[in-house]
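Let's work through a few exercises on a protein model. Keep the sequence and the 3D view open while you go.

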Amino acid sequence: MRILIVSQYFWPESFRVNDLALALVSRGHDVSVLTGLPNYPSGKLFEGYSWASCGTSDYEGVAVFRVPLFVRRQGKSWQLALNFLSFVLSACLLGPFFCRQRYDIIFVYEPSPFTVGIPGVLLRWLKNIPMVFWVQDLWPESLSATGAVRSPLLIGWVGKMVSFIYKRCDRVLIQSRGFAEPAIAVGACPDRLRYFPNWAETIFQPVEVENDTLESREMPPGFRIVFAGNLGAAQSLETVVEAANRLKDKIDIHWVILGDGRRETWLRGEITKYTLENTVHVLGRRPLESMPRYFALADVLLVTLRRDPIFSLTIPSKVQSYMACSRPLIACLDGEAAEAVRISGGGLAGPAEDVDGLVAMVLKMYGLSAAEREEMGRKGRAYFEANFEREKLLDQLEDMME
């Protein structure tokens, strides 16, 4: 098939759409990607990129069409709005020019913002071909949940835009079964709705790490709790800081933070405020390919979310990556993701924003033997293989697109 992927984000930004594009190429499909200039999550253009980078390039057999946009900068609401809208405008104006060849299908990848669907709808109409829309983040619910938008009028307008996009999709894929009811309520056709969860890239698997590697040298000695991913409003970093503060006298327990985002500066300030420098270590963003080695060095992997109905419906993609690496999890969140951790036996799960619960889970994991934690990790890996294995899901996707 000739597939056009529309995504505001693409390599070198770290999103599952990168692996999707390469996987489809490896299966013999002709894949193109319409995307913007890489600037997530730092808010600055990646090194080596400028407005001169707009146009056509190649990424391991994928034809990449980049359009200009306003970078995220400090991630303030007005800056994000300009970032989202500038991509829509550029993709609508330049997309038909760049993407002139014939395609069989359009695949829109939507982690956030939902506005990425607008150029998809335009190209669907111009080319008269079907469009598949993969929903990673529910709008307008996530806007109010994160506090990004508080105006009922604006949220209502966004809801109408979402309805407009849903009604023009030939298939709507949802990464969590919990997304079904809200998506239908906004305008998605039930007959066109399909459950299609995230997987983990093939690099996420159990690995052995030597003592002299960079990752080994960066990790503190002791019991290591590793949190990886975006440092944003949704991740309930307050819960992590408070739990670390309560346990700071247990100097053998270390919290290792891998990632960056809008709240990194705030997090570093809180570490200084509560004198947590000896037990909380913010290492910053690391290359995706190095993450399995960091995970292998962890005694437990941590995932947290804010307490909000919308977040209880989602499964953070890091859950699949954690499970794939056969490491035990602590999940401080609600809903489907917590249930997956409990059912799998791959870790401990408790309510979102429950500091007491998080402290108790950390102490319980700390008290287990290494063999008991390893068994948890194996159970999580088995659950991953049964429910989130990459090749099985790609088979399903090909069937749906055909």
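**Exercise 1.** Find the bridge partner of Val 108 in S6.

*Solution.* Keep in mind that this is a predicted model. Start with the two strands: S5 covers residues 105-110 and S6 covers residues 131-135. They pair in the parallel sense, over 5 bridges. Now go to Val 108 and look across to S6: its partner there is Phe 133.

**Exercise 2.** Work out the strand order of the open sheet and name its edge strands.

*Solution.* Step across the 8 strands and you should read S3-S4-S2-S1-S5-S6-S7-S8, with mixed pairing. Next, look for strands that pair on one side only: these are S3 (55-59) and S8 (193-195), the edges. Finally, check the twist: neighbouring strands are turned by 25 degrees against each other on average, ignoring direction.

**Exercise 3.** Which strands do helices H2 and H3 touch?

*Solution.* Take H2 (residues 77-98): this helix packs on the sheet and touches S2, S3 and S4. Its direction makes about 130 degrees with that of S4. Then take H3 (residues 117-127), which touches S1, S2, S5 and S6. The angle between the directions of H3 and S5 is about 175 degrees.

**Exercise 4.** Explore the nonpolar cores, using Ile 5 as your way in.

*Solution.* The largest core has 104 residues, and Ile 5 is one of those with the most contacts inside it. Leaving out residues up to four places away in sequence, Ile 5 touches, among others, Leu 20, Val 33 and Phe 107. Then hunt for a second, separate core: that one has 30 residues, including Val 240 and Met 365.

Conventions. Residues are numbered from 1 along each chain as its sequence is written. This is a predicted model: local features need pLDDT of at least 70, side-chain atom pairs count only at pLDDT 80 or more; totals for chains, interfaces and linings use all residues. Side-chain values use heavy atoms; hydrogens and water are left out. Two strands pair if DSSP finds at least two bridges between them. Helices (H or I, at least four residues) and strands (E, at least two) are DSSP runs, numbered from the N terminus. Axes are lines fitted to C-alpha atoms, for helices over the stretch in contact, and angles run from 0 to 180 degrees between N-to-C directions. Contact means heavy atoms within 4.5 Å. A nonpolar core is a set of buried Ala, Val, Leu, Ile, Met, Phe, Trp, Tyr and Cys residues joined through side-chain atoms within 4.5 Å. Buried means under 20% relative accessible area, exposed over 50%, partly exposed in between (1.4 Å probe, protein chains only).
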